[in-house]
Amino acid sequence: MDEQIQEIKQWLVEAGDRIKKHLNEELTVDEKSGRTDLVTNMDRETQKFLIEKIQQTYPDVQILAEESGYNHIETMQGTVFIIDPIDGTLNFVLEKENFCIMLGIYEDGLSKLGFIYDVMQGELYWGGRKLGVYCNDKKLTKPEDKALGEGLVGMNAYMYLHNQYRAQEIGRLSMGIRMSGCAGVELIAILKGAHVGYITNLSPWDYAAGCALLEAFGFCYSRLDGQALTFSGREHFIAGTPKAYKQISELLHFG
Ligand code: IPD
Ligand code: CA
Ligand code: CA
């Protein structure tokens, strides 16, 4: 596993270097489902780069990835590499920061490894159930199990505005809400102990890496109805410290 981890870390750093190198060049930006759902040449190139590396090294694995041609698999059986080449594409285009490259590895539906690379911060979070969580070479201490009222909650803007899943009440019960526009950044915030929860609407490539890391700390995640994530299509998503997750699950009547 050590060799695999070093290899993947190298791929991600190289992919991040390519993005940084082209950061101030003009991007090709296309709309997907609408004007706020974008894909750039760098999303496509990063995905292609990572898929080529995976296929050369692990020809037998399945790949699930956000862009062009790889965004559906029939089953999570066997080994599955799940990629978000740029998570937070709007941030990438408009802020040139607060975006991540993410890769999760699952075996028969169980998480094995997760990697979230905050490219502009130069912080690569990685680990898994059997390893704990590291930032670059430093092992993270498991954050305190804080309750909802003791911390900040990452929140999806649309869900908060429309008060879906009592989002506004959850916000009021917390110390405050934050909206970064990048699932990777939000999940890192929980892993660092900066936030106690995250409520949003995500696709498998948005949550795969992060969930593998949350598991290393025994933190909780699920769909917002309490059911297990399905790794197909978008799902309302909750993650948090055990205490915050329990409080929110009781509020939403699935705890
Ligand atoms: C998006 C970001 C955002 C989340 C969206 C995702 P993308 O990913 O993670 O925070 O709210 O649901 O689609 O499209 O920039 O990779
Ligand atoms: Ca994403
Ligand atoms: Ca993406």
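How far apart are the calcium ion (ligand 2) and the calcium ion (ligand 3), and which residue coordinates both? They are 3.7 Å apart, and the residue is D84.

Before the details, some ground rules. This is a predicted model, in which local features need pLDDT of at least 70 and side-chain atom pairs count only at pLDDT 80 or more, while totals for chains, interfaces and linings use all residues. Residues are numbered from 1 along each chain as its sequence is written, chains are lettered from A and ligands numbered from 1 in the order in which they are written, and side-chain values use heavy atoms, with hydrogens and water left out.

Now the two ions. A donor here is an N, O or S atom within 2.8 Å of the metal, or 3.2 Å for Na, K and Ca; water is not among the atoms, so sites may look incomplete. For the calcium ion (ligand 2), the protein donors are D84 (OD), D87 (OD) and D206 (OD), at 2.1 to 2.3 Å. Their spacing in sequence is D-x2-D-x118-D. Both D84 and D87 are buried, where buried means under 20% relative accessible area, exposed means over 50%, and partly exposed is in between, with a 1.4 Å probe and protein chains only.

The calcium ion (ligand 3) is held by E66 (OE), D84 (OD) and I86 (O), also at 2.1 to 2.3 Å. E66 sits in the loop between β3 (62-65) and β4 (79-87), and I86 is in strand β4, so the pair ties together parts that are 20 residues apart in sequence. Helices (H or I, at least four residues) and strands (E, at least two) are DSSP runs, numbered from the N terminus. E66 is buried at 17% relative accessible area, and I86 is buried at 1%.

On to strand β4. Of its 9 residues, 8 are buried. Two strands count as paired if DSSP finds at least two bridges between them. β4 pairs with β3 in the parallel sense over 4 bridges, and F81 in β4 is the bridge partner of I63. With β5, β4 runs antiparallel, joined by 7 bridges; I83 stands opposite L103 in β5.

Next, the helices. What should the 20 residues of α1 span? The expected span is 1.5 Å times one less than the number of residues, which gives 28 Å for α1; its end C-alpha atoms are 29 Å apart, in agreement. Buried residues of α1 include I5, I8, W11, L12 and I19. Seen down the axis, the buried residues of α1 fall within an arc of 160 degrees, so they line one face of the helix. That arc is taken from the directions from the helix axis to the C-beta atoms. On the other side of α1, D2, E3, Q10 and K21 are exposed. The buried residues of α1 pack against α2, β4, α3, β5, β6 (110-118) and β7 (123-128), with contact meaning heavy atoms within 4.5 Å.

Helix α2 (residues 41-57) has 17 residues and an expected span of 24 Å, and its end C-alpha atoms are 24 Å apart. Among its buried residues are M42, F49, L50, I51 and I54. The partners of the buried residues of α2 include α1 (2-21), β2 (37-40), β3 and β4. At the start of α2, a side-chain oxygen of T40 comes within 3.0 Å of the backbone nitrogen of M42.

To close, back to the ions: D84 coordinates both.

How values were computed:
Polar contact = N/O pair within 3.5 Å; in protein donor to acceptor, adjacent residues only side chain to side chain.
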